[in-house]
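Trainee: Please give me a close look at one part of this model, and then follow it outwards into whatever it leans on. I would like one connected account rather than a list.

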Amino acid sequence: MFQKILIANRGEIAVRIIRACRNMGIRSVAIYSKEDKDSLHVQLADQRICIGEGPARNSYLNMERIVTAALNMGADAVHPGYGFLSENAEFVRLCEKNGLTFIGPSADVIDSMGNKSHARKTMMEAGVPVVPGTKEPVYDAETGEKLARKIGYPVMIKASSGGGGKGMRVARSADEFEFQFNMAQRESANAFGDDTMYIERFVENPRHVEIQVIADTQGHVVALGERDCSVQRNHQKLIEESPSPAISEKTRKAMNRDAVLAARTVHYTNAGTVEFILDPDGTYYFMEMNTRIQVEHGVTEMVTGTDLIIEQIRIAMGEPLSFTQKDIQLRGHAIECRINAEIPEKNFMPSPGLVKHLHLPAGNGVRVDTALYTGYRIPSEYDSMIAKVIVHAPDREAALQKMRSALDEMVVLGVETNLDFQYQILRNPEFCQGKADTGFIERMLNLD
(Lines give C-alpha, C1' and ligand atoms only; values in the text may rest on other atoms or scores of the structure.)
Protein backbone atom coordinates (compact mmCIF):
# COMPACT_ATOMS: atom_id res chain seq x y z
CA MET A 1 0.00 0.00 0.00
CA PHE A 2 1.28 3.45 -0.87
CA GLN A 3 1.51 5.72 2.15
CA LYS A 4 1.51 8.99 0.24
CA ILE A 5 0.83 10.02 -3.38
CA LEU A 6 1.86 13.30 -4.97
CA ILE A 7 -0.64 14.58 -7.56
CA ALA A 8 1.26 16.16 -10.44
CA ASN A 9 -1.71 18.16 -11.66
CA ARG A 10 -4.27 20.82 -10.74
CA GLY A 11 -7.99 21.59 -10.98
CA GLU A 12 -10.80 19.06 -11.02
CA ILE A 13 -8.64 16.03 -11.83
CA ALA A 14 -6.38 16.77 -8.86
CA VAL A 15 -9.47 16.98 -6.63
CA ARG A 16 -10.75 13.70 -8.11
CA ILE A 17 -7.46 11.91 -7.34
CA ILE A 18 -7.27 13.35 -3.80
CA ARG A 19 -10.74 11.98 -3.06
CA ALA A 20 -9.76 8.55 -4.38
CA CYS A 21 -6.69 8.62 -2.12
CA ARG A 22 -8.90 9.46 0.87
CA ASN A 23 -11.18 6.55 0.06
CA MET A 24 -8.15 4.24 0.12
CA GLY A 25 -6.63 5.69 3.31
CA ILE A 26 -3.66 7.12 1.38
CA ARG A 27 -2.28 10.57 2.18
CA SER A 28 -2.08 13.07 -0.68
CA VAL A 29 0.32 15.84 -1.62
CA ALA A 30 -0.81 18.72 -3.84
CA ILE A 31 1.62 20.69 -5.95
CA TYR A 32 0.62 24.19 -6.98
CA SER A 33 1.80 27.33 -8.70
CA LYS A 34 1.58 30.71 -6.96
CA GLU A 35 -1.49 31.47 -9.11
CA ASP A 36 -3.14 28.34 -7.72
CA LYS A 37 -2.41 28.92 -4.02
CA ASP A 38 -6.15 29.26 -3.23
CA SER A 39 -7.24 26.34 -5.43
CA LEU A 40 -9.52 23.64 -4.05
CA HIS A 41 -7.04 20.82 -4.64
CA VAL A 42 -4.51 22.69 -2.49
CA GLN A 43 -7.05 23.00 0.33
CA LEU A 44 -8.22 19.37 0.18
CA ALA A 45 -4.84 17.63 0.10
CA ASP A 46 -3.16 16.40 3.27
CA GLN A 47 0.00 18.29 2.33
CA ARG A 48 0.87 20.91 -0.26
CA ILE A 49 3.99 22.40 -1.83
CA CYS A 50 4.49 25.35 -4.20
CA ILE A 51 6.63 24.56 -7.24
CA GLY A 52 6.74 27.84 -9.18
CA GLU A 53 4.68 30.58 -10.75
CA GLY A 54 3.29 31.75 -14.06
CA PRO A 55 2.97 29.52 -17.13
CA ALA A 56 2.83 25.74 -16.76
CA ARG A 57 6.39 25.34 -18.05
CA ASN A 58 7.59 26.96 -14.82
CA SER A 59 5.47 24.74 -12.56
CA TYR A 60 3.26 21.86 -13.70
CA LEU A 61 5.65 20.98 -16.54
CA ASN A 62 8.84 21.31 -14.50
CA MET A 63 9.82 17.67 -14.05
CA GLU A 64 12.80 18.24 -11.77
CA ARG A 65 10.84 20.44 -9.36
CA ILE A 66 7.96 17.97 -9.19
CA VAL A 67 10.22 14.98 -8.48
CA THR A 68 12.16 16.99 -5.90
CA ALA A 69 8.87 17.99 -4.25
CA ALA A 70 7.75 14.35 -4.14
CA LEU A 71 11.00 13.27 -2.51
CA ASN A 72 10.98 16.15 -0.01
CA MET A 73 7.39 15.35 0.99
CA GLY A 74 8.08 11.64 1.39
CA ALA A 75 5.73 10.47 -1.38
CA ASP A 76 5.86 6.87 -2.63
CA ALA A 77 4.17 7.51 -5.95
CA VAL A 78 3.13 10.19 -8.43
CA HIS A 79 -0.26 10.38 -10.16
CA PRO A 80 -0.06 12.59 -13.28
CA GLY A 81 -3.81 12.94 -14.02
CA TYR A 82 -4.29 14.02 -17.65
CA GLY A 83 -2.49 16.66 -19.68
CA PHE A 84 0.78 18.22 -18.46
CA LEU A 85 3.29 15.36 -17.91
CA SER A 86 0.84 12.45 -18.03
CA GLU A 87 2.19 11.14 -21.37
CA ASN A 88 5.82 12.19 -20.96
CA ALA A 89 8.12 9.16 -20.98
CA GLU A 90 11.06 11.23 -19.74
CA PHE A 91 9.07 12.14 -16.64
CA VAL A 92 8.23 8.47 -16.02
CA ARG A 93 11.90 7.55 -16.19
CA LEU A 94 12.85 10.42 -13.88
CA CYS A 95 10.29 9.24 -11.31
CA GLU A 96 11.56 5.66 -11.49
CA LYS A 97 15.19 6.77 -11.28
CA ASN A 98 14.35 8.45 -7.97
CA GLY A 99 12.43 5.50 -6.53
CA LEU A 100 8.94 6.91 -7.20
CA THR A 101 6.18 4.80 -8.71
CA PHE A 102 4.53 6.46 -11.70
CA ILE A 103 0.80 5.68 -11.70
CA GLY A 104 0.37 4.91 -15.37
CA PRO A 105 1.93 2.81 -18.13
CA SER A 106 5.65 2.28 -18.62
CA ALA A 107 7.89 4.81 -20.33
CA ASP A 108 8.47 2.42 -23.23
CA VAL A 109 4.75 2.06 -23.86
CA ILE A 110 4.24 5.82 -23.72
CA ASP A 111 7.06 6.24 -26.24
CA SER A 112 5.61 3.54 -28.46
CA MET A 113 2.04 4.84 -28.54
CA GLY A 114 2.93 8.52 -28.28
CA ASN A 115 4.59 8.40 -31.68
CA LYS A 116 1.49 8.26 -33.85
CA SER A 117 3.18 6.92 -36.98
CA HIS A 118 4.85 4.15 -34.97
CA ALA A 119 1.53 3.38 -33.25
CA ARG A 120 -0.19 3.08 -36.65
CA LYS A 121 2.48 0.67 -37.87
CA THR A 122 2.20 -1.41 -34.67
CA MET A 123 -1.58 -1.65 -34.98
CA MET A 124 -1.39 -2.57 -38.66
CA GLU A 125 0.94 -5.43 -37.84
CA ALA A 126 -1.33 -6.56 -34.98
CA GLY A 127 -4.38 -6.70 -37.25
CA VAL A 128 -6.25 -3.76 -35.71
CA PRO A 129 -8.10 -1.85 -38.49
CA VAL A 130 -6.27 1.40 -39.31
CA VAL A 131 -7.20 4.24 -41.67
CA PRO A 132 -5.38 3.62 -45.00
CA GLY A 133 -2.20 5.68 -45.03
CA THR A 134 1.57 5.70 -44.58
CA LYS A 135 3.27 3.01 -42.56
CA GLU A 136 6.59 4.87 -42.25
CA PRO A 137 7.22 8.46 -41.08
CA VAL A 138 7.28 11.28 -43.65
CA TYR A 139 9.75 14.17 -43.43
CA ASP A 140 9.28 16.24 -46.58
CA ALA A 141 6.45 17.49 -48.81
CA GLU A 142 7.78 15.94 -52.02
CA THR A 143 7.80 12.42 -50.57
CA GLY A 144 4.48 13.06 -48.87
CA GLU A 145 2.79 14.17 -52.09
CA LYS A 146 3.83 10.97 -53.90
CA LEU A 147 2.41 8.90 -51.05
CA ALA A 148 -0.78 10.99 -50.91
CA ARG A 149 -1.44 10.24 -54.59
CA LYS A 150 -1.24 6.51 -53.83
CA ILE A 151 -3.55 6.84 -50.80
CA GLY A 152 -6.05 8.99 -52.73
CA TYR A 153 -7.27 12.50 -51.97
CA PRO A 154 -8.46 14.01 -49.72
CA VAL A 155 -5.77 13.17 -47.15
CA MET A 156 -5.10 14.21 -43.56
CA ILE A 157 -1.54 15.30 -42.76
CA LYS A 158 -0.75 14.66 -39.09
CA ALA A 159 2.07 15.29 -36.64
CA SER A 160 3.60 12.06 -35.41
CA SER A 161 3.89 13.52 -31.91
CA GLY A 162 0.59 15.38 -32.19
CA GLY A 163 -2.37 15.91 -29.94
CA GLY A 164 -5.07 18.47 -29.21
CA GLY A 165 -5.62 19.18 -32.90
CA LYS A 166 -2.14 20.67 -33.44
CA GLY A 167 -0.13 19.75 -36.52
CA MET A 168 -3.18 18.53 -38.46
CA ARG A 169 -4.11 19.74 -41.94
CA VAL A 170 -6.37 18.45 -44.71
CA ALA A 171 -5.15 18.44 -48.32
CA ARG A 172 -7.97 17.93 -50.82
CA SER A 173 -5.79 17.92 -53.94
CA ALA A 174 -2.18 17.72 -55.10
CA ASP A 175 -2.23 21.46 -55.79
CA GLU A 176 -2.59 22.32 -52.11
CA PHE A 177 -0.62 19.43 -50.61
CA GLU A 178 2.77 21.16 -50.32
CA PHE A 179 1.31 24.22 -48.60
CA GLN A 180 -0.76 22.19 -46.12
CA PHE A 181 2.12 19.78 -45.40
CA ASN A 182 4.53 22.63 -44.64
CA MET A 183 1.96 24.35 -42.40
CA ALA A 184 1.29 21.15 -40.44
CA GLN A 185 4.99 20.36 -40.15
CA ARG A 186 5.75 23.87 -38.89
CA GLU A 187 2.95 23.61 -36.29
CA SER A 188 4.30 20.24 -35.18
CA ALA A 189 7.86 21.53 -34.80
CA ASN A 190 6.66 24.53 -32.78
CA ALA A 191 4.25 22.59 -30.56
CA PHE A 192 6.14 19.31 -30.04
CA GLY A 193 9.73 19.93 -31.15
CA ASP A 194 9.26 17.19 -33.75
CA ASP A 195 8.70 17.60 -37.50
CA THR A 196 7.94 13.92 -38.18
CA MET A 197 4.64 13.56 -40.06
CA TYR A 198 2.37 10.84 -41.39
CA ILE A 199 -0.45 10.84 -43.92
CA GLU A 200 -3.76 9.01 -43.95
CA ARG A 201 -6.96 9.06 -45.94
CA PHE A 202 -9.25 11.84 -44.73
CA VAL A 203 -12.58 10.50 -43.50
CA GLU A 204 -15.06 13.36 -43.82
CA ASN A 205 -17.04 14.09 -40.63
CA PRO A 206 -16.68 10.69 -38.96
CA ARG A 207 -17.96 9.71 -35.54
CA HIS A 208 -15.30 9.67 -32.82
CA VAL A 209 -15.76 6.60 -30.62
CA GLU A 210 -13.21 5.51 -28.02
CA ILE A 211 -12.86 2.40 -25.87
CA GLN A 212 -11.73 2.59 -22.25
CA VAL A 213 -9.28 -0.19 -21.40
CA ILE A 214 -7.50 -1.04 -18.19
CA ALA A 215 -4.81 -3.65 -17.58
CA ASP A 216 -2.98 -4.95 -14.54
CA THR A 217 0.54 -6.34 -14.19
CA GLN A 218 -0.78 -9.91 -14.03
CA GLY A 219 -1.80 -9.84 -17.69
CA HIS A 220 -5.52 -9.10 -17.30
CA VAL A 221 -6.87 -6.60 -19.85
CA VAL A 222 -10.47 -5.42 -19.67
CA ALA A 223 -12.47 -3.19 -22.03
CA LEU A 224 -15.09 -1.05 -20.30
CA GLY A 225 -17.18 -0.10 -23.29
CA GLU A 226 -17.20 2.94 -25.51
CA ARG A 227 -17.64 6.67 -25.23
CA ASP A 228 -18.93 8.71 -28.15
CA CYS A 229 -16.91 11.94 -28.30
CA SER A 230 -18.10 13.22 -31.68
CA VAL A 231 -19.31 16.61 -30.43
CA GLN A 232 -16.10 18.62 -30.80
CA ARG A 233 -14.90 22.08 -31.66
CA ASN A 234 -11.39 22.40 -33.15
CA HIS A 235 -10.75 18.78 -32.15
CA GLN A 236 -11.57 19.64 -28.51
CA LYS A 237 -14.36 17.51 -27.04
CA LEU A 238 -17.46 19.23 -25.65
CA ILE A 239 -19.85 16.36 -24.90
CA GLU A 240 -19.18 12.67 -24.31
CA GLU A 241 -21.68 9.86 -23.83
CA SER A 242 -21.90 6.13 -23.30
CA PRO A 243 -23.10 3.98 -24.90
CA SER A 244 -22.69 5.48 -28.37
CA PRO A 245 -25.95 5.93 -30.28
CA ALA A 246 -24.02 5.32 -33.52
CA ILE A 247 -22.93 1.68 -33.20
CA SER A 248 -24.61 -1.70 -33.13
CA GLU A 249 -24.01 -4.39 -30.54
CA LYS A 250 -21.98 -6.29 -33.14
CA THR A 251 -19.73 -3.28 -33.77
CA ARG A 252 -19.45 -2.64 -30.02
CA LYS A 253 -18.14 -6.15 -29.40
CA ALA A 254 -15.68 -5.88 -32.28
CA MET A 255 -14.35 -2.50 -31.11
CA ASN A 256 -13.92 -3.76 -27.55
CA ARG A 257 -12.10 -6.83 -28.86
CA ASP A 258 -9.75 -4.73 -31.02
CA ALA A 259 -9.08 -2.31 -28.15
CA VAL A 260 -8.02 -5.23 -25.94
CA LEU A 261 -5.86 -6.55 -28.80
CA ALA A 262 -4.21 -3.13 -29.12
CA ALA A 263 -3.45 -3.02 -25.39
CA ARG A 264 -2.10 -6.57 -25.34
CA THR A 265 0.07 -5.93 -28.39
CA VAL A 266 2.05 -3.20 -26.62
CA HIS A 267 1.97 -4.95 -23.18
CA TYR A 268 -0.09 -2.09 -21.76
CA THR A 269 -0.68 -1.63 -18.03
CA ASN A 270 -2.93 0.80 -16.15
CA ALA A 271 -5.76 2.88 -17.66
CA GLY A 272 -5.73 3.92 -21.31
CA THR A 273 -8.07 4.75 -24.16
CA VAL A 274 -8.06 3.37 -27.68
CA GLU A 275 -9.60 5.94 -30.02
CA PHE A 276 -11.39 5.02 -33.24
CA ILE A 277 -13.09 6.94 -36.00
CA LEU A 278 -16.30 5.55 -37.48
CA ASP A 279 -17.13 6.36 -41.09
CA PRO A 280 -20.72 6.86 -42.33
CA ASP A 281 -21.09 3.23 -43.42
CA GLY A 282 -20.18 1.96 -39.93
CA THR A 283 -16.59 0.92 -40.62
CA TYR A 284 -14.22 1.85 -37.82
CA TYR A 285 -10.48 2.54 -37.80
CA PHE A 286 -7.83 2.90 -35.09
CA MET A 287 -6.80 6.53 -34.65
CA GLU A 288 -4.55 6.65 -31.59
CA MET A 289 -4.12 5.47 -28.01
CA ASN A 290 -4.11 7.87 -25.08
CA THR A 291 -1.79 6.47 -22.41
CA ARG A 292 -3.46 8.12 -19.41
CA ILE A 293 -6.77 8.63 -17.68
CA GLN A 294 -9.15 10.67 -19.85
CA VAL A 295 -11.05 13.84 -18.97
CA GLU A 296 -14.27 11.92 -19.68
CA HIS A 297 -13.49 8.84 -17.56
CA GLY A 298 -16.49 9.62 -15.32
CA VAL A 299 -18.88 8.69 -18.13
CA THR A 300 -17.52 5.14 -18.12
CA GLU A 301 -17.61 5.00 -14.32
CA MET A 302 -21.31 5.89 -14.34
CA VAL A 303 -22.35 3.13 -16.78
CA THR A 304 -20.04 0.42 -15.40
CA GLY A 305 -20.10 1.16 -11.66
CA THR A 306 -16.30 1.23 -11.47
CA ASP A 307 -13.78 3.66 -9.97
CA LEU A 308 -11.00 4.00 -12.52
CA ILE A 309 -8.73 6.16 -10.35
CA ILE A 310 -8.77 3.64 -7.52
CA GLU A 311 -8.08 0.87 -10.04
CA GLN A 312 -5.14 2.88 -11.39
CA ILE A 313 -3.64 3.16 -7.92
CA ARG A 314 -4.21 -0.52 -7.12
CA ILE A 315 -2.55 -1.58 -10.39
CA ALA A 316 0.47 0.63 -9.63
CA MET A 317 0.77 -1.15 -6.27
CA GLY A 318 0.94 -4.48 -8.12
CA GLU A 319 -2.60 -5.61 -7.30
CA PRO A 320 -4.85 -7.34 -9.85
CA LEU A 321 -7.95 -5.71 -11.28
CA SER A 322 -10.95 -5.93 -8.95
CA PHE A 323 -13.19 -7.05 -11.84
CA THR A 324 -13.06 -9.26 -14.93
CA GLN A 325 -14.41 -8.71 -18.43
CA LYS A 326 -17.54 -10.70 -17.53
CA ASP A 327 -18.29 -8.26 -14.70
CA ILE A 328 -18.51 -5.30 -17.09
CA GLN A 329 -22.06 -4.56 -18.19
CA LEU A 330 -23.12 -1.17 -19.54
CA ARG A 331 -26.14 -0.10 -17.50
CA GLY A 332 -28.25 2.85 -18.58
CA HIS A 333 -26.87 5.92 -20.34
CA ALA A 334 -24.41 8.59 -19.21
CA ILE A 335 -23.66 12.00 -20.70
CA GLU A 336 -20.95 14.52 -19.80
CA CYS A 337 -20.89 18.24 -20.65
CA ARG A 338 -17.63 20.12 -20.26
CA ILE A 339 -18.24 23.54 -18.76
CA ASN A 340 -15.62 26.12 -19.76
CA ALA A 341 -15.03 29.70 -18.63
CA GLU A 342 -15.28 31.17 -22.10
CA ILE A 343 -17.42 33.42 -24.29
CA PRO A 344 -18.95 31.47 -27.21
CA GLU A 345 -20.16 34.69 -28.86
CA LYS A 346 -16.55 35.94 -29.05
CA ASN A 347 -15.07 32.88 -30.74
CA PHE A 348 -14.95 31.05 -27.38
CA MET A 349 -12.48 33.53 -25.89
CA PRO A 350 -11.39 32.48 -22.36
CA SER A 351 -13.10 34.31 -19.49
CA PRO A 352 -10.92 34.09 -16.36
CA GLY A 353 -11.83 36.02 -13.23
CA LEU A 354 -13.54 35.94 -9.84
CA VAL A 355 -16.41 33.51 -9.27
CA LYS A 356 -18.86 35.71 -7.35
CA HIS A 357 -21.51 33.04 -6.87
CA LEU A 358 -21.69 29.32 -7.61
CA HIS A 359 -24.53 26.84 -7.43
CA LEU A 360 -23.93 23.28 -8.63
CA PRO A 361 -26.70 20.88 -9.69
CA ALA A 362 -27.29 17.73 -7.67
CA GLY A 363 -29.75 14.87 -7.30
CA ASN A 364 -30.05 11.21 -8.20
CA GLY A 365 -27.72 10.37 -11.07
CA VAL A 366 -26.06 13.81 -11.23
CA ARG A 367 -22.32 14.20 -10.68
CA VAL A 368 -20.21 17.34 -10.95
CA ASP A 369 -16.42 17.11 -11.05
CA THR A 370 -15.01 20.57 -10.38
CA ALA A 371 -12.50 22.59 -8.41
CA LEU A 372 -14.73 25.67 -8.44
CA TYR A 373 -16.15 27.46 -5.40
CA THR A 374 -17.63 30.87 -4.62
CA GLY A 375 -14.79 33.35 -4.19
CA TYR A 376 -12.33 31.39 -6.33
CA ARG A 377 -10.43 33.36 -8.95
CA ILE A 378 -10.00 31.42 -12.20
CA PRO A 379 -6.43 32.06 -13.41
CA SER A 380 -5.71 33.02 -17.00
CA GLU A 381 -2.59 30.86 -17.28
CA TYR A 382 -4.29 27.47 -17.58
CA ASP A 383 -7.04 25.57 -19.38
CA SER A 384 -10.50 27.16 -19.31
CA MET A 385 -12.43 24.00 -18.32
CA ILE A 386 -13.97 24.63 -14.90
CA ALA A 387 -16.39 21.71 -14.43
CA LYS A 388 -17.70 18.47 -15.86
CA VAL A 389 -21.41 17.81 -15.40
CA ILE A 390 -22.18 14.10 -15.72
CA VAL A 391 -25.62 12.49 -15.58
CA HIS A 392 -26.80 8.89 -15.58
CA ALA A 393 -30.30 7.63 -16.42
CA PRO A 394 -31.97 4.42 -17.63
CA ASP A 395 -31.84 5.46 -21.31
CA ARG A 396 -30.55 8.21 -23.59
CA GLU A 397 -33.74 10.26 -23.71
CA ALA A 398 -33.96 10.30 -19.91
CA ALA A 399 -30.26 11.22 -19.70
CA LEU A 400 -30.76 14.13 -22.12
CA GLN A 401 -33.63 15.46 -20.05
CA LYS A 402 -31.64 15.06 -16.83
CA MET A 403 -28.69 16.95 -18.34
CA ARG A 404 -30.95 19.80 -19.50
CA SER A 405 -32.33 20.01 -15.97
CA ALA A 406 -28.83 19.97 -14.45
CA LEU A 407 -27.58 22.76 -16.73
CA ASP A 408 -30.74 24.76 -15.97
CA GLU A 409 -29.89 24.54 -12.27
CA MET A 410 -26.19 25.38 -12.55
CA VAL A 411 -25.27 29.01 -11.79
CA VAL A 412 -21.82 30.58 -12.25
CA LEU A 413 -21.68 34.35 -11.71
CA GLY A 414 -18.67 36.60 -12.25
CA VAL A 415 -17.29 34.92 -15.37
CA GLU A 416 -18.78 33.96 -18.72
CA THR A 417 -19.30 30.25 -19.44
CA ASN A 418 -20.49 27.97 -22.24
CA LEU A 419 -23.51 26.76 -20.21
CA ASP A 420 -26.03 28.27 -22.63
CA PHE A 421 -24.11 26.94 -25.63
CA GLN A 422 -24.17 23.43 -24.15
CA TYR A 423 -27.89 23.79 -23.55
CA GLN A 424 -28.37 24.72 -27.23
CA ILE A 425 -26.58 21.52 -28.24
CA LEU A 426 -28.86 19.48 -25.98
CA ARG A 427 -31.90 20.97 -27.77
CA ASN A 428 -30.51 20.51 -31.27
CA PRO A 429 -32.55 17.94 -33.26
CA GLU A 430 -29.46 16.43 -34.92
CA PHE A 431 -27.81 15.79 -31.55
CA CYS A 432 -31.03 14.62 -29.91
CA GLN A 433 -31.51 12.06 -32.67
CA GLY A 434 -27.99 10.72 -32.04
CA LYS A 435 -26.74 11.78 -35.47
CA ALA A 436 -24.03 14.30 -34.51
CA ASP A 437 -20.62 13.66 -36.08
CA THR A 438 -17.35 15.58 -35.75
CA GLY A 439 -18.62 18.26 -38.16
CA PHE A 440 -21.75 18.91 -36.10
CA ILE A 441 -20.55 21.97 -34.14
CA GLU A 442 -19.23 23.65 -37.29
CA ARG A 443 -22.61 23.16 -39.01
CA MET A 444 -24.43 24.41 -35.92
CA LEU A 445 -22.28 27.57 -35.73
CA ASN A 446 -22.69 28.23 -39.46
CA LEU A 447 -26.47 27.97 -39.11
CA ASP A 448 -26.33 30.55 -36.32
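Mentor: Let us start at a turn: in the hairpin formed by β12 and β13, where 5 residues lie between the strands, G282 adopts a positive phi near 95 degrees. Before going further, note that this is a predicted model, in which local features need pLDDT of at least 70 and side-chain atom pairs count only at pLDDT 80 or more, while totals for chains, interfaces and linings use all residues. Residues are numbered from 1 along each chain as its sequence is written, and side-chain values use heavy atoms, with hydrogens and water left out.

The strands and helices named here are DSSP runs numbered from the N terminus, strands (E) having at least two residues and helices (H or I) at least four. The two arms of the hairpin, β12 (270-278) and β13 (284-290), run antiparallel and are joined by 6 bridges; strands are said to pair if DSSP finds at least two bridges between them. One place to look is V274, whose bridge partner in β13 is M289. β12 also has a partner in β9, with which it pairs in the antiparallel sense over 9 bridges, and there Q212 stands opposite T273 of β12. Because 9 of the 9 residues of β12 are buried, this strand is largely enclosed by the rest of the structure; buried here means under 20% relative accessible area with a 1.4 Å probe and protein chains only, against over 50% for exposed and partly exposed in between.

What packs in this region includes helix α9, whose buried residues lie against α6 (116-126), β9 (207-215), β10 (221-233), β12 and β13. Those buried residues are T251, R252, A254, M255, N256, D258, A259, V260, A262 and A263. The 17 residues of α9 (residues 249-265) should span 24 Å at 1.5 Å a residue, and the end C-alpha atoms are 24 Å apart, which agrees; the expected span is 1.5 Å times one less than the number of residues. Just after α9, H267 takes a positive phi of about 55 degrees.

Now move to another part of the chain, the loop between β22 (411-413) and α13 (419-427), which holds N418. N418 counts as buried because its relative accessibility is 0%. With residues up to four places away in sequence set aside, N418 touches L238, R338, I339, N340, E342 and P344, contact meaning heavy atoms within 4.5 Å.

I339 brings us to the largest nonpolar core, which has 37 residues, and in which V231, I339, I425 and F431 touch the most other members. Such a core is a set of buried Ala, Val, Leu, Ile, Met, Phe, Trp, Tyr and Cys residues joined through side-chain atoms within 4.5 Å. The elements contributing two or more residues to it are β11 (236-242), β14 (333-340), β19 (366-370), β21 (385-393), α12 (396-409), α13 and α15 (440-447). I425 shows how these meet, since, leaving aside neighbours within four places in sequence, I425 is in contact with V231, L238, I239, F431, F440, I441 and M444. Apart from this core lies another, of 36 residues, among them I7, I103, I214 and V295.

I7 leads into a further sheet, for its bridge partner in β2 is A30. The strands β1 (residues 4-7) and β2 (residues 27-33) run parallel and are joined by 4 bridges. They belong to an open sheet of 5 strands in the order β3-β2-β1-β4-β5, with parallel pairing. At its edges stand β3 (47-52) and β5 (101-102), each with a single partner strand, so one side of each has no neighbour in the sheet. Helix α1 (residues 11-24) lies across β1, β2 and β4 (77-79), at about 175 degrees to β1, such angles running from 0 to 180 degrees between the N-to-C directions of axes fitted to C-alpha atoms, for helices over the stretch in contact.

For contrast in pairing, look at the open sheet of 3 strands ordered β7-β6-β8, which is antiparallel. Its edge strands, β7 (166-171) and β8 (197-201), each pair on one side only, and the twist from one strand to the next averages 25 degrees. Between β6 (residues 155-163) and β7 there are 5 bridges, and M156 has V170 of β7 as its bridge partner. Helix α8 (residues 174-192) lies across β6, β7 and β8, at about 170 degrees to β7.
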